[in-house]
Amino acid sequence: MSTYQVKSPVLFLVFNRPDTTLRVFNEISKAKPPKLYIAADGPRSGRIDDERLCKETIEIISKINWECEVKTLFRKENLGCKEAISSGIQWFFDQEEEGIILEDDCLPANSFFHYCDTLLEKYRFDTRIRHIAGSNLQLGKKWGEASVYYANQTHIWGWASWRRVWKDYDKDLKKYEENEVPLQLAKIFSDPFVVDSWTHIFKDVKAGKIDTWDYQLAFTNYFNNSLSVNPNVNMISNIGFREDATHTINSDNPYANIPLEEISEITYPKYVLPEKMADYAMFNRDFNLEERWKRHNLLRRQFKRWLKKKFKTSH
């Protein structure tokens, strides 16, 4: 496939990593978006290098060498991950009905842009679909014969969506009550440990213990019976797993630097239904489900033996 020129507007979210920002920018520049939105968080107080690094990062936009409408949102002070990214996306969807979102460590394959353009148009008015993911974290496992599959999980390393979805975004999860969440999650996930894990995440996010924006989007999509479209190959490589990252600090993570692949032709599954086991495969790794089930079953067997012994001695 020759280098594809994207039609959709692109939002580029950056902070203080000029090296990864430049790599992602170079891929954006090949796609030549007609509209490029750039939102940058400001330097953190007390961090000596931040002012220089933030300045170097912002200067990368001077490399724009194609005809392009550029809009910028540069913060002078640091807002943090949750505020900076969520407000940057809000700023984008205030002006656009749909578009593509890339962070400064999400390196896209060129066909990612064609994929997003195609799916944004195909599902523009299909409210079953709320999210288009560019990354594939299945570590080589394919789901079906089509080039895409559907799932419940929301992946945000290179994605696209619509204003119709973002309008439901609830940064502080104010509209949802903690005591209602386990029951609602159990309608989506059959594994009680998955429900338990997401319930704990919900409580921590709602309590402000996690400085992030993306879990809130996942919950919003879960509670709106959402389907995400996912590629059956990986079109986004997260190049930001290192010590200076906000969250992705472990360079040995299996999701770090997954090689890029291209999709030359987009084909679709016959059934518009979620691949539940695709989500479960990720949750199994992320929530350590197999080990938790082993411990659970061991305790269950021990309890049965104790109960049996107690019953015998009492008679």
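**Stop 1: the sheet**

Start with the strands: 8 of them form an open sheet, and their order is β3-β2-β1-β4-β8-β6-β9-β7, with mixed pairing. Keep in mind as you look around that this is a predicted model. Now select β3 (69–74) and β7 (148–151), which stand at the edges. Each has a single partner strand, so one side of each is left without a neighbour in the sheet. Turn the view and compare the directions of neighbouring strands: on average they are turned by 25 degrees against each other, direction ignored.

**Stop 2: strand β8 and its partners**

Next, select β8, residues 159–162. Which way do its side chains point? W159 and S161 point one way from β8, while A160 and W162 point the other way. All four residues, W159, A160, S161 and W162, are buried.

Now show the strands that pair with β8. With β6 (residues 129–133), the pairing is antiparallel over 2 bridges. With β4, the pairing is also antiparallel, over 4 bridges. Click on A160 to link the two: I132 stands opposite A160, and I100 stands opposite A160 too.

**Stop 3: a helix on the sheet**

Keep the sheet on screen and add helix α1, residues 18–31. Helix α1 packs on the sheet and touches β1 (10–14), β2 (35–40) and β4 (98–103). Look along β1 and then along α1: their directions make an angle of about 170 degrees.

**Stop 4: D41, a buried charge**

Select D41, in the loop between β2 and α2 (50–59). Does D41 sit buried or exposed? D41 is buried, and yet has no salt bridge. The nearest side chain of opposite charge belongs to R75, 5.4 Å away, whereas a salt bridge has to be within 4 Å.

What does the side chain of D41 reach instead? Try drawing two distances. One runs from a polar atom of the D41 side chain to the backbone nitrogen of L79, at 2.8 Å. The other runs from the D41 side chain to the backbone nitrogen of G80, at 3.1 Å. Then show the surroundings: leaving aside residues up to four places away in sequence, D41 touches V14, F15, C54, R75, E77, N78, L79, G80 and A84.

**Stop 5: S197 in helix α7**

Move on to helix α7 (residues 192–206) and pick out S197. Its relative accessibility is 9%, so S197 counts as buried. A polar atom of the S197 side chain lies 2.9 Å from the backbone oxygen of F193.

Which residues further along the chain does S197 touch? Not counting residues up to four places away in sequence, they are F287 and R292. Add F283 to your selection as well: F283 and S197 are 86 residues apart along the chain, but their C-alpha atoms are separated by 9.2 Å.

**Stop 6: two positive phi angles**

Finish with two loop residues. First select L173, in the loop between α5 (163–166) and α6 (181–185). L173 is not a glycine, although its phi is positive, about 55 degrees. Then select N288, in the loop between α9 (276–286) and α10 (289–314). N288 is also a residue other than glycine with a positive phi, near 55 degrees.

How accessible is each of them? L173 is buried, with a relative accessible area of 0%. N288 is partly exposed, with a relative accessible area of 41%.

Conventions
Residues numbered from 1 in each chain as written. Predicted model: local features only at pLDDT ≥ 70, side-chain atom pairs only at ≥ 80, totals over all residues. Heavy atoms only, no water. Pairing = 2+ DSSP bridges. Axes fitted to C-alpha atoms, helices over the stretch in contact; angles between N-to-C directions. Contact = heavy atoms within 4.5 Å. Buried < 20%, exposed > 50% of the residue type's maximum accessible area, 1.4 Å probe, protein only. Lys, Arg positive; Asp, Glu negative; His and termini not counted. Polar contact = N/O pair within 3.5 Å; in protein donor to acceptor, adjacent residues only side chain to side chain.
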